[in-house]
Amino acid sequence: MTHDPSSDPIGTATGPWDVLVVGGGPVGATAAALLHMGTRDARRPLRVAVLELNRPAATPPDAPLDSRVSALSRASERILTAIGAWPLIAPTRVQPYERMRVWHETVQPRSADVLEFDAAYAGEPNLGYIIENRLIQMAALAAFESAGGKVIAGELSRLRVHDHHVDLETSVGTFACRLVVGADGARSSVRESIGLSAERSSYHQTAIVANVRSELPHERTAWQRFLHTGTLAFLPLADGCSSIVWSADDSTAAPLLAMSRSDFEQELLRQSDSVLGALKLRTERVSFPLQKLTALRFTAHRCALIGDAAHVVHPLAGQGVNLGLLDAAALSELIVAAFRMREDPGAQSVLRRYERWRKSDIEPIALAIDGFNRHLAHGAGPLSRIAQRGLALVNRSDEVKRFFITRALGLGGELPRLARERTAPLH
Ligand SMILES: Cc1cc2nc3c(=O)[nH]c(=O)nc-3n(C[C@H](O)[C@H](O)[C@H](O)COP(=O)(O)OP(=O)(O)OC[C@H]3O[C@@H](n4cnc5c(N)ncnc54)[C@H](O)[C@@H]3O)c2cc1C
């Protein structure tokens, strides 16, 4: 049974959803919570639901750390604090990191040519936090639900867009809403169903992810070495181990995945230039083919895309979730403001503003990340040599360093209000 919300004037409706967010990953769950909480004091708040096909099971507090982790920025911390999700993430599983050390394989890992970003340069206690992905997702969903939001367990199969509403066919029935938010990841069914085309290209690289224990302490530092075959990063974890993200050309990655654990550990030691001493695998290796994706439009009639559904960037800069959470905050800020002015939350004027805002922020970041991948991780030509020398030059300029630190903190560009400063939780 479907219900046409166009028959419900704003402010009096008792029918189904104003906004249905497809995908309750970290980004979708946060967007739903922001939309729901942002209008809770209204006479008739926005009715928001999340449709999620694969909600993660709760983790026992003493379970070993998962190898799928993300580096979250200050901006992301603020957004997750605003929805009340941050305190739901067990502090014993969160590792703040205070510096980043980045170097090219042509220089020594502890020499003056290593580019070092220290939180202290910017007067910050840390540059961000390394947290398991599933904990971020679970905390955002739990915050949304504890504020009265509805999570529907089901899978989107098809959607049909009408003038005043959208019908969604799912594995658990048909729903109608006035705005659909596609937060269903890189292979977004929302994006496909509404025919929003995307530029997509393969990096011909595979990211190998695992947790390792190191002989030397990680020093609350994210280490990243640019190799001629890719990038090798060590992200510090709360249990003293590190999460490796080794983005290697496909032809390099295949044998790395096939070799024995001890051969892999030896190769890791060699490619990390022994910066953390001997290394022992603590988890299985898992792999992700790497692609770049940018939707040509982030919005269509009564639809908006956020997070990986709209843009997928190379993981070398650890920006995917962070950019997605900024999408969630920007979209909800505009929709909540429109709703308070008694405008339709799915109005094209609101969606266009969102698209302009986020596209102009993301495009230069995606270009810069591509440039790092092309010239630092791979190239051998003149541009690459300049880029490699550039690492040492950046290291010598406090001002340029501060610029990069601000970006790493997620505090550059035009920020949504909630990311600009720490605010009290919305509920
Ligand atoms: C190796 C690697 C390392 C990374 N490291 C970092 C990092 O350090 N920092 C960082 O910020 N980013 C990082 N990223 C990127 C980050 O993982 C993604 O950007 C992020 O997961 C995107 O979140 P999302 O919520 O948009 O999408 P997803 O996490 O993909 O969530 C989409 C959700 O939608 C659901 N879904 C899908 N289809 C349907 C459907 N039809 N119906 C209902 N539900 C559906 C899925 O079950 C899922 O829960 C990394 C990525 C990789 C590959």
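In this predicted model, helix H1 (26–38) comprises 13 residues and extends 18 Å from its first C-alpha to its last, a span close to the 18 Å expected at 1.5 Å a residue. Twelve of the 13 residues of H1 are buried, so the helix is largely enclosed by the rest of the structure. The buried positions are Val-27, Gly-28, Ala-29, Thr-30, Ala-31, Ala-32, Ala-33, Leu-34, Leu-35, His-36, Met-37 and Gly-38, where buried denotes a relative accessible area under 20%. The packing partners of these buried residues include both strands and helices, namely strand S1 (17–22) and S2 together with helix H2 (74–82), helix H3 (133–146), H7 and helix H11 (417–420).

Helix H1 also takes part in the surroundings of the ligand, since it is one of the elements that each supply at least two residues of the shell, the others being strand S2 (48–52), strand S3 (69–72), strand S12 (198–214) and helix H7 (320–340). Among the contributing elements, H7 gives the most to this shell, with three residues. In total, 31 residues surround the ligand, and the closest of them are Glu-52, Ala-71, Leu-156, Asp-308 and Val-321. When the shell is divided by class, 13 residues are nonpolar, 13 are polar and five are charged.

Several polar atom pairs link the ligand to the protein. On the side-chain side, an N or O atom of Asp-308 is placed 2.7 Å from an oxygen atom of the ligand. Backbone atoms contribute as well: a polar backbone atom of Leu-156 is found 3.0 Å from a nitrogen atom of the ligand, and a backbone N or O atom of Asn-322 lies 3.2 Å from a ligand oxygen atom. Of the 1,000 Å² of accessible area that the ligand has on its own, the protein covers 85%.

A further position was examined in a loop. Val-172 is located in the loop between strand S10 (166–170) and strand S11 (173–182), and its relative accessibility of 45% places it in the partly exposed category, because that category spans the interval between the 20% limit for buried residues and the 50% limit for exposed ones. When residues up to four places away in sequence are not counted, Val-172 touches Ile-152, Ala-153 and Gly-154. For the pair formed by Val-172 and Ile-152, which are 20 residues apart along the chain, the separation of the C-alpha atoms is 8.5 Å.

Note on methods:
Residues numbered from 1 in each chain as written. Predicted model: local features only at pLDDT ≥ 70, side-chain atom pairs only at ≥ 80, totals over all residues. Heavy atoms only, no water. Near = heavy atom within 4 Å. Polar contact = N/O pair within 3.5 Å; in protein donor to acceptor, adjacent residues only side chain to side chain. Areas by Shrake-Rupley, 256 points an atom, 1.4 Å probe, with all protein chains shown as cover. Helix = DSSP H or I, 4+ residues; strand = E, 2+ residues; numbered from the N terminus. Nonpolar A, V, L, I, M, F, W, Y, C, P; charged D, E, K, R; others polar. Expected span 1.5 Å × (residues − 1). Buried < 20%, exposed > 50% of the residue type's maximum accessible area, 1.4 Å probe, protein only. Contact = heavy atoms within 4.5 Å.
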